[in-house]
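Trainee: Could you take me through one part of this model slowly, and then show me how it fits into the rest? I'd like one connected story.

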Amino acid sequence: MKLEGKAAIVGYHEYPHIRKYTGKRKFTLGQWADLTRLSLDDAGLEARDINGIVCTEIRETVSFTPATIVEYLGQPVNFAERVDLGGASPVGMVWRAAAAIELGLADVVVCALPGQPIPSNPNPGPVDPRRFFQSSSVNWGSPQAEFEIPYGNLAQNCGYAMIAQRYAAEYGYDPTAMAKLVVDQRRSGALNPNAVFYEKPVTVEDVLASKLVADPLRMLEIVMPVAGGAAVIVASEEIANRCKHRPVWIKGFGEHLTMKTPTFAEDLCRSPVGPASSKAFEMAGVTRSEIDACEIYDCYTITVLLTLEDAGFCEKGEGMEFIRSHDLSCFGDFPVNSHGGQLGMGQGGGAGGMTQVIEGARQIMGRAEKRQLKRCDHVYVSGTGGIMSEQAALILRGD
Amino acid sequence: MDLTKPYPIATPETAPFWEGLRNEQVLLQRCDDCGTWIFYPRSNCPNCLSTRLNWHQVSGEGTLYTFTVTRQATAPHFVDEVPQLIAMIDLNEGVRLTSTLVAQETDDLKVGAKVTPVFDHVSADVTLLRYRLA
């Protein structure tokens with residue numbers, strides 16, 4: 001069972017990534033509608049063309065999410081899905097949209113991820129201190145509530161730091177190489193008007209001088225939370241061929257999950273993106289050497305390092321040398337996160353990973369302006385949720 | 001805001017583990033059908049899904065799989081513990097668990113070091129399983 005590769009990304013919209021959002025506030029539902037309108041416009045489609053949606057959580061309800069969105073949009077659909085894969089959700093949403101289209105369930109599917117603040121609640125109620133536990137569930141009976149949170153092993157920084165520390169013990173660690181990864185990405189990000197670090201490149205010295213957060217991770221190796229949000233339109237072959245842009249065919253995908261908390265990973269240095277990427281390449285019939293750009297989920301530098309190795313772009317343990325010996329910027333011989341990545345753009349909450357999908361589409365469509373690669377026909381995209389908990393990969397192609 | 005420590009609340013499945021720690025014993029489940037050692041406690045074996053699980057006392061000793069030294073608290077509830085020495089410990093039976101290290105000098109901490117349990121009676125009802133270098 002595989003995709004025929006006959007569904008394509010035909011349009012997208014990405015809100016500018018802003019540290020302190022001061023514009024008009026909309027509810028998540030309003031942002032969903034707005035992102036839908038703007039990405040349909042981009043594709044050259046209209047509201048009535050929609051017949052599928054893929055969403056994640058929204059702020060206005062805890063359940064019945066797709067029906068709530070469909071009602072708000074006023075557009076009936078034949079396919080509705082809510083994806084719950086953390087930072088891997090954007091990649092997971094896009095392949096589910098492609099699969100639904102190939103099965104004939106729908107021919108225009110919106111995948112949207114709002115990421116701007118909503119209006120202030122006039123009756124907010126008391127602050128729940130459990131919100132500080134973030135993605136670690138404190139519900140009674142939750143394994144995290146009992147065996148992780150009491151020891152302070154929660155949120156993201158300490159988990160990724162422990163992965164990096166284990167990697168250092170097994171394969172060695174070069175802080176300068178990790179800093180260079182940030183420098184190369186920020187060089188591309190400095191040319192991206194949607195990025196929070198637009199026109200703000202950094203040096204290796206800047207990264208190494210930034211504050212240590214959790215050994216060995218430093219502040220500039222960690223994404224900055226920003227307001228963002230993005231949507232893509234996935235459409236059938238027939239529709240893609242009459243849209244405005246070069247279709248971005250979804251040729252292969254893979255997804256792999258093994259645990260929620262990294263304590264229960266069999267090997268912290270071999271991430272689930274390995275099996276997910278192998279499946280994606282196999283399905284697409286594309287080799288690693290055919291890839292023109294890698295858009296790799298980059299919540300932390302260590303995430304990119306492990307993805308380069310586990311997805312097969314270099315051998316295990318050789319990632320640091322790979323980073324040292326290639327120019328990873330959009331001008332380089334091996335472009336990684338040609339939009340700056342989330343390290344360069346900022347992370348608009350759950351929408352962060354959609355920047356990777358959109359940059360892949362943007363490069364294939366030839367719309368990346370100052371960052372446009374000379375040739376871009378094949379793109380590898382990865383998504384990472386939690387702490388290397390759930391990971392997914394896509395292979396995109398322009399004919 | 002209530003920032004009392006988020007101590008564990010035992011469930012019917014996990015109560016023997018916490019009861020063991022109160023008595024300064026480490027108890028682990030083992031599957032009677034396939035022999036797999038299990039952590040955290042649960043109703044079904046994560047290798048074969050069998051429900052024939054029994055409790056066994058073990059030494060609690062192990063090795064340091066990885067750790068970090070936090071320079072800012074992972075949540076406001078842990079501000080008094082910074083720098084937190086958060087760790088993953090491989091028990092000799094082959095299971096891994098989250099803990100914190102009790103150490104004076106972080107320079108001495110090395111991945112692969114032998115570690116031994118410290119029973120930290122944090123309240124009348126709760127004992128946490130922390131570790132120190134053996």
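Mentor: Let's start with a single residue: T63(B) stands opposite K114(B) in β7(B). Keep in mind that this is a predicted model, where local features need pLDDT of at least 70 and side-chain atom pairs count only at pLDDT 80 or more, while totals for chains, interfaces and linings use all residues. For the labels, residues are numbered from 1 along each chain as its sequence is written, and chains are lettered from A and ligands numbered from 1 in the order in which they are written.

Back to T63(B). It has another bridge partner, D90(B), in β5(B). The strand to look at here is β4(B), residues 62-69 (helices are DSSP runs of H or I with at least four residues, strands are runs of E with at least two, and both are numbered from the N terminus). β4(B) pairs with β5(B), residues 85-91, in the antiparallel sense over seven bridges (two strands pair if DSSP finds at least two bridges between them). With β7(B), residues 114-121, the link is also antiparallel, and two bridges make it. In a regular strand, side chains alternate between the two faces of the sheet.

Is β4(B) enclosed or open? Seven of its eight residues are buried, so the rest of the structure largely encloses β4(B) (buried means 20 or more other C-beta atoms within 10 Å of the residue's own, exposed means 12 or fewer, partly exposed is in between, and C-beta atoms are placed from the backbone). For chain B overall, 33% of the 134 residues count as buried.

What is on the other side? Chain A. 35 residues of chain B are in contact with 33 residues of chain A (contact means C-beta atoms, placed from the backbone, within 7 Å). On the chain B side, β4, β5 and β6 (96-100) each give two or more residues, so to speak our strand and its neighbours in the story. That side is made up of 18 nonpolar, 13 polar and four charged residues (Ala, Val, Leu, Ile, Met, Phe, Trp, Tyr, Cys and Pro are nonpolar, Asp, Glu, Lys and Arg are charged, and the others, Gly among them, are polar).

Now step back to the whole of chain B. It has one helix and eight strands, and along the sequence the pattern is α-β-β-β-β-β-β-β-β. Its radius of gyration is 16 Å, close to the 14 Å that the globule rule gives for 134 residues, so chain B is as compact as a globular protein of that length (the radius is taken over C-alpha atoms, and the rule is 2.2 Å times the number of residues to the power 0.38). Its C-alpha atoms fill a box of roughly 45 × 35 × 25 Å along the principal axes.

Chain B is split into domain 1 (11-58) and domain 2 (59-134) (the bounds come from an automatic or database domain assignment). Taken over C-alpha atoms, the two centres are 21 Å apart. Nine residues from domain 1 and eleven residues from domain 2 make the contact. On the domain 1 side, α1 (15-22), β1 (26-31) and β2 (37-38) each give two or more residues, and that side divides into seven nonpolar, no polar and two charged.

Two of those elements also turn up in an open, antiparallel sheet of three strands, ordered β2-β1-β3 in chain B. β2 and β3 (53-58) are at the edges with a single partner strand each, so one side of each has no neighbour in the sheet. Two bridges hold the β1(B)–β2(B) pairing, and R30(B) stands opposite W37(B) there.

Finally, the partner. Chain A has 13 helices and eleven strands, and 61% of its 399 residues are buried. The largest nonpolar core has 147 residues, and V94(A), V109(A), V232(A), V234(A) and I250(A) touch the most other members (a core is a set of buried Ala, Val, Leu, Ile, Met, Phe, Trp, Tyr and Cys residues joined through C-beta atoms within 7 Å). Helix α3 of chain A, residues 89-102, gives the most, with eight residues. Both domains of chain B give residues to this core too, so the core lies between them.

Conventions: Two residues are in contact if their C-beta atoms, placed from the backbone, lie within 7 Å.
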